[in-house]
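Reader: Hi! Could you walk me through this one?

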Amino acid sequence: MLREFTCIMCPQGCDISVEFEGATITSITGNKCAKGEAYVTQEIENPMRNIATSALVDGGDLPLASVRLTDVIPKDRIFDVMAEIRTVELSAPVHEGDIAIHDVLGLGVDVIVTKDVDAA
Amino acid sequence: MKHVDAVIIGGGPAGLAAAIELRKKGIDDILILEREKKPSGILRQCIHDGFGLTRFGETLSGPKYAARFVREAEALQIPCLTDTTVLEVTPDRHVYASSSEHGMMEFEAGAIVLAMGCRERTRGAIRIPGTRPAGVYTAGVAQAYINLKNKMVGRKVVILGSGDIGMIMARRMTLEGAEVLGVFEVQPYASGLPRNVEQCLNDYNIPLSLSHTVTDIRGTDRLESVVISAFDEHMQPIPGTEKEYECDTLILSVGLIPENELTWMAGAEKDPGTSGAAVDENYQTTVPGIFAAGNVLHVHDLLDFVSLEAEALADGAARFLKEGSLPACNLAVRGNELVSGLTPSRISGEDDVTVSFRVRRPLRNCTIELVQGDTVVKRRRMPKALPAEMIQIKLKASDLSQTDDLEVKVTC
C-alpha cells in the first residue's frame, strides 16, 4: 500500500511517501531525518498525539492554567482525556511543572501545568 | 527626563530576547516598556506546543517558552515597566510613555529597540460585506477569550483564512466541543504550515477549502450564517457558487500587520517589500541607534526565529552603544519577482549577515541564488518552497564583496 504523509514532528513538515504491507514499511522517501520514519511507523501502527488545553484554577489571577500531556496518547483517546481534564480544578497558586492529573485514565502519561498562575 | 542606555519597546519574545542578550553583552542600563500587565506578549495565550525546537531543541508550549526568557530577565534584574504604553518615539531617541502608576514619563535613550510585534488584520481591513452581528472574531481574540478568560466564543464555527493561528483555533475549538464547519482560504494554497494542516485540521476531519472566501455575513444581533463563494485565479468570486453556512461564530485568520506606528513617528523609512522598517544587517533602521526585530520588522513563521533575530539585533545595538555608531551599509539587497518580505534591505559586505525572505507562491524544485554582480555568493536548491515558510540564508563576510549590491533570485 502506498500512502503520503505530512510529518508533524517539526516545522519542516516533510512530505513523506511510504509503501507498506501490514505494519511493515518496504520503502520510505521524503523524510529529512529519522524522526520522520518513527512518525510514519507510529501513524501506520497506532497514531499518537499530545494535546494542549487548559484546566480551571480556583482563586488565581487567571481563571485557567494551560496544561499539556507529558507524552503522546492514542489519537482516539483525545476526547476522553479532554473530558477528564474538564473535571479538575486546581488551587492557586499553580506552577509550571505541577501535575494536574497523575496517569490520566491509566494511559501512563500525566497532565502537567505549563504556566504559573499566581493567587489573586 | 531619565537617561537609559537601551530602551526596549515591547516585552514579548523579541523584546525579552534582545534585553537578555544586551545585558550579556555588557549593557547594564536597560529598560523594557510593556503595555500588558505581565511580559511575554502573545505567548501567554499560545498554549499549544511546538515552540522551541530550533532554539532549545525541545518542543514547548508558548507560556513555557516565554517563562524561560522572563525568568532569565528577572534573574539578570532587567527592569520591566508593565501596564505602560509608549506614546511617542522621536528621531533623537526620546521615548514618551505613560502608565497609571507613574504618569507621563520621558526617557532619553542611548539606543532603542522596537519590538512591538504585530496585530491582526480585521474584518474591516478585508472589507467583508454584510451585517454587523456579534460573533465575528479575529483568531487571536478568540484565543484570548478561550485560553485566558475561560469564555467559549461559540458553538458552530466557520474559519476564514488558513493562517497558523486560524488552524490552531480550529483544533482548539473542536477540543472544547465546538463544531468547526470548515476553514476557507481565498488563495489556492494554505497560508499556514503543512504540519498544522495535518495536525489541526486533518486530525479532526475539519475540511479545508482553498480558493473560497466569505462573501456575505448575515444575522442581526448574533451571527446567523455566512455565505461562501468559490474564487477564480484572478481572485474574483465565481457567480453561482455561493453556499450558505449556518453558524454562530466566524473566526478570521487573515494575516498579521506589524505594529509600526512608533517606528514611523521615529522617522524610520519603510521598506516597501516588507512594509516594516528598512533595516541594515545590524537590524538598525534608517534612524541611527533605533533598531527593530521580530514580528514588528517582518512576520515570522516560527517563534524561535524571532528570538534568534532579536539576539542578533542585540549584537548591533550593543556595538552602537559602545562605539557610538555602526559602519555604513551601502549595498542594497533586492529580490526578484518570486521573492517577498526580503530583509535586511542594506548590508555592508564586511560582516556576516542572515538574509530572510519568503517565496510569493508555492514552488517545486526551485533554485535560490544570492548574487553580487556576476558572482553567485550562495546557491541553494529547494525541492519545495512555500509562502508559509520563511527562508533564511546565512552569508559569511569572506564570501561577500564590498562593492556590489546583493540580489536574491528565485527561479523555478
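Author: Happy to; we can go from the overall fold to one sheet. This is a predicted model, where local features need pLDDT of at least 70, side-chain atom pairs count only at pLDDT 80 or more, and totals for chains, interfaces and linings use all residues. Residues are numbered from 1 along each chain as its sequence is written, with chains lettered from A and ligands numbered from 1 in the order in which they are written.

Reader: Thanks! How many helices and strands does chain B have?

Author: Chain B has 8 helices and 27 strands, counted as DSSP runs (helices H or I, at least four residues; strands E, at least two) and numbered from the N terminus.

Reader: And which domains is chain B divided into?

Author: Domain 1 covers 1–119 + 257–326, domain 2 covers 122–254 and domain 3 covers 329–412; the bounds come from an automatic or database domain assignment. The centres of domains 1 and 2 of chain B, over C-alpha atoms, are 32 Å apart.

Reader: What about the sheet with the order 22-20-27-24-25?

Author: That one is an open sheet of 5 strands in chain B, with mixed pairing (strands pair if DSSP finds at least two bridges between them). Strands 22 (346–347) and 25 (375–385) each have a single partner strand, so one side of each lacks a neighbour in the sheet.

Reader: How do strands 20 and 27 of chain B run?

Author: Strand 20 (residues 331–335) and strand 27 (residues 406–411) of chain B run parallel, joined by 3 bridges. B:Val333 sits opposite B:Leu406 of strand 27.

Reader: Cool. What does the C-alpha trace of chain B span?

Author: About 65 × 60 × 40 Å along its principal axes.
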